[in-house]
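This report describes the metal sites and the ligand surroundings of one protein chain, followed by two loop positions. The structure is shown first.

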Amino acid sequence: LVIGAALLGAGLVLARVARRTAGTGAGPGFVRFAFIAKGAQQLALFGSLIGWLPAIPVGIEVPLDGLLTGLLGVGIVVWLLEEEQHRLREAARQIERLAFYDPVTGLPNRQLFVERLRGWLARLSGGDGTGALLSLDLDRFKAVNDRGGHEAGDQMLAAISDRLLQSVAEGETVARLGADEFALLLPGGGDAAGVARRAGAILERLREPLQIGGHELRIEASLGAALCPAHGVEAAVLLRKADAAMRRAKAAGGGRAEIWDAARLDAAREPFALERALREGRLGEDLELHFQPIVRSGSGEIVGAEALLRLRHPDRGLLSPPEFLFAAESAEVSDAIGQWVLREACAAVAAWRRRFGAELRVAVNLTARAFEDRQLAAKVGAVLAEFGLPASALELEITETMALLQVNDPAPGLSELRARGTRVAVDDFGTGYSSLSYLRELPIEIVKLDSSFIRDLGRRPRDSRIVGAVVQLAHGLGLEVVAEGVEEEGQMAVLEMLHCDRMQGFLFSRPLPRGEFERLLATAVPFGGAGDGRLNPA
Ligand code: C2E
Ligand code: CA
Ligand code: CA
């Protein structure tokens with residue numbers, strides 16, 4: 001009687017749970033049915049024992065019992081398998097969300113936006129559809145972050161994102177491309193007057209006061225628009241033109257919208273200077289490669305450098321990649337720049353190895369595009385051979401997102417690089433979906449801890465514990481750890497204590513032009529003179 005009641009009860013509870021968690025597959029149904037049937041059978045058995053029911057013949061009772069028990073077993077196995085599958089699907093969805101959506105606002109990120117833009121343009125090609133691309137940048141957002149802290153900044157971004165979403169219709173896309181940079185894709189709105197009206201309405205909506213952390217804040221934005229097909233039919237071109245128009249709006253004081261107008265922009269320079277330079281065979285003239293030393297922790301000895309790209313701009317001076325966004329250039333320009341960086345970096349490290357020590361290494365950053373290139377390993381091999389370098393002289397840095405996209409579908413180039421001896425580092429580790437176990441499935445050897453973990457090291461005990469745990473776990477998996485953005489002695493001391501392998505940051509040196517870096521190599525006597533063995537921060 002007790003067994004029967006318990007089984008029936010379990011079956012009923014399962015039925016209620018299943019109603020709440022709809023769509024969990026066939027497993028729970030099986031188990032529920034088996035529980036209830038077995039409960040009923042036990043009750044019937046009890047009934048026949050006390051004579052309420054006729055005795056059940058053993059010839060039926062035994063096989064029935066076996067059948068129901070078997071069914072229960074099968075049901076549980078099916079259920080477990082379904083659960084496992086469900087968890088895997090959830091994990092894949094989670095990865096996708098983190099790789100393609102911005103965690104603060106939930107909006108598509110740059111990667112997904114560019115993909116959607118490309119898809120839309122491809123469907124458009126040949127037809128007579130029109131559309132507009134809007135680039136939006138908040139004015140003086142930094143002040144919000146500085147005054148209210150990152151929390152206020154994040155709240156502000158989420159509120160802005162809500163307002164933008166309310167300003168668009170079905171089929172239009174809003175994305176967050178960067179810190180305080182948004183983009184909108186408005187299919188169908190291809191005439192200048194209509195776009196100007198929409199842009200005005202969006203800016204008006206953003207201007208309404210916001211309640212953030214108990215304060216009333218107002219924010220303004222600058223907006224730039226490029227029209228398709230009038231201003232271009234390629235994603236990169238439209239993005240650049242909308243961006244240039246936005247910068248013009250900002251330069252004019254902000255809080256306004258501009259539509260791309262070639263005549264009104266200083267066409268001699270931006271934004272096609274790089275393309276022209278490439279065509280005229282003088283791409284390298286505007287580019288410079290700087291080198292930031294990477295030191296071994298403990299000894300402070302320089303073991304290599306990260307190559308960081310700079311663009312010399314006639315008015316704006318020396319620009320770093322986030323400021324000139326070469327990744328958004330046409331594929332041709334971006335490939336040529338990548339190749340140029342690789343050759344310059346290899347030429348430099350070959351010279352250093354001859355003069356200063358055969359162990360020096362150089363780290364080169366890759367764009368997602370370069371990383372997905374099937375010929376990557378071959379191209380890298382050719383450049384190494386050209387400068388007579390072993391594969392170990394070079395490290396390639398990819399971002400966490402780029403690495404994660406590889407987990408399901410690893411690029412053949414990655415293992416080929418590893419086989420040849422070139423090591424791959426995951427850059428900005430900790431800013432995305434930081435799972436060492438996922439990364440472990442890839443041929444990656446180095447983790448570069450993002451500077452956000454280093455910033456408060458020595459002040460916030462929690463950060464030390466996190467970094468310590470990451471280092472331990474990484475070491476357990478055979479990965480080397482490099483800390484980025486080390487600016488203070490205190491941070492260095494904590495990192496040494498936590499056994500971080502290498503360090504990089506302004507404390508040791510800013511990125512330097514090649515000549516200056518070589519002077520540093522020549523004079524980097526164990527620093528601190530009397531030999532505390534460290535690179536002299538000065
Ligand atoms: P990244 O790979 O994370 O590079 C490190 C950035 O941190 C560099 O900025 C560097 O100047 C900066 N940095 C170094 N030490 C410190 C420090 O102690 N404190 C602070 N606050 N910052 C520090 P940079 O040169 O502006 O480069 C920005 C990003 O541009 C790089 O981030 C990388 O993603 C990309 N990039 C740079 N050069 C190349 C390149 O040749 N190819 C590609 N594909 N991307 C590049
Ligand atoms: Ca890097
Ligand atoms: Ca980094």
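Does Asp 427 count as buried or exposed? With a relative accessibility of 7%, Asp 427 falls under the 20% limit and therefore counts as buried. The model is a predicted one, and the values below are computed from it.

**Calcium sites**

Asp 427 takes part in both calcium sites: this residue bridges the calcium ion (ligand 2) and the calcium ion (ligand 3), and the two ions lie 4.1 Å apart. The table sets out the protein donors of each ion.

| Ion | Protein donors | Distance from ion | Spacing along the chain |
|---|---|---|---|
| calcium ion (ligand 2) | Glu 306 (OE), Asn 365 (OD1), Glu 397 (OE), Asp 427 (OD) | 2.1 to 2.3 Å | E-x58-N-x31-E-x29-D |
| calcium ion (ligand 3) | Asp 427 (OD), Asp 428 (OD), Glu 484 (OE), Glu 484 (OE) | 2.1 to 2.6 Å | D-D-x55-E |

For the calcium ion (ligand 2), the donors include Glu 306 and Asp 427. Glu 306 belongs to strand β9 (residues 302-313) and Asp 427 to strand β13 (residues 423-429), so this pair ties together parts that are 121 residues apart in sequence. Glu 306 has a relative accessibility of 3% and counts as buried, because the limit for that class is 20%.

For the calcium ion (ligand 3), Glu 484 is listed with two OE donors, next to one OD donor each from Asp 427 and Asp 428. Asp 428 has a relative accessible area of 27% and is partly exposed, whereas Asp 427, at 7%, is buried.

**Surroundings of ligand 1**

Which residues come nearest to ligand 1? There are 22 residues around ligand 1, and those that come nearest are Arg 310, Ser 320, Asp 427, Glu 487 and Phe 506. Asp 427, the residue that bridges the two calcium ions, is thus also listed here.

Three polar contacts of ligand 1 can be given with their distances. In the side chain of Glu 487, an N or O atom lies 2.4 Å from a nitrogen atom of ligand 1. A polar backbone atom of Phe 506 is 2.7 Å from an oxygen atom of ligand 1. Glu 306, a donor of the calcium ion (ligand 2), has a polar side-chain atom 3.1 Å from an oxygen atom of ligand 1. Ligand 1 taken alone exposes 800 Å², and the protein buries 77% of that area.

By type, the shell around ligand 1 consists of 10 nonpolar, six polar and six charged residues. By element, β9, α10 (321-324) and β13 each supply at least two of the shell residues. β9 gives the most, with four residues.

**Two loop positions**

Where does Asn 109 lie? Asn 109 is in the loop between α3 (58-100) and α4 (110-124). At 16% relative accessibility, Asn 109 counts as buried. Neighbours within four places in sequence left aside, Asn 109 is in contact with Ala 99, Phe 100, Tyr 101, Asp 102, Ala 175 and Arg 176.

Arg 460 sits in the loop between α17 (451-454) and α18 (461-476). With 42% relative accessibility, Arg 460 counts as partly exposed. From C-alpha to C-alpha, Arg 460 and Gly 171 are 45 Å apart in space, and 289 residues separate the two positions in sequence.

Terms used:
Residues numbered from 1 in each chain as written. Chains lettered and ligands numbered in written order. Predicted model: local features only at pLDDT ≥ 70, side-chain atom pairs only at ≥ 80, totals over all residues. Heavy atoms only, no water. Donors = N, O, S within 2.8 Å, 3.2 Å for Na, K, Ca; no water. Buried < 20%, exposed > 50% of the residue type's maximum accessible area, 1.4 Å probe, protein only. Near = heavy atom within 4 Å. Polar contact = N/O pair within 3.5 Å; in protein donor to acceptor, adjacent residues only side chain to side chain. Areas by Shrake-Rupley, 256 points an atom, 1.4 Å probe, with all protein chains shown as cover. Nonpolar A, V, L, I, M, F, W, Y, C, P; charged D, E, K, R; others polar. Contact = heavy atoms within 4.5 Å.
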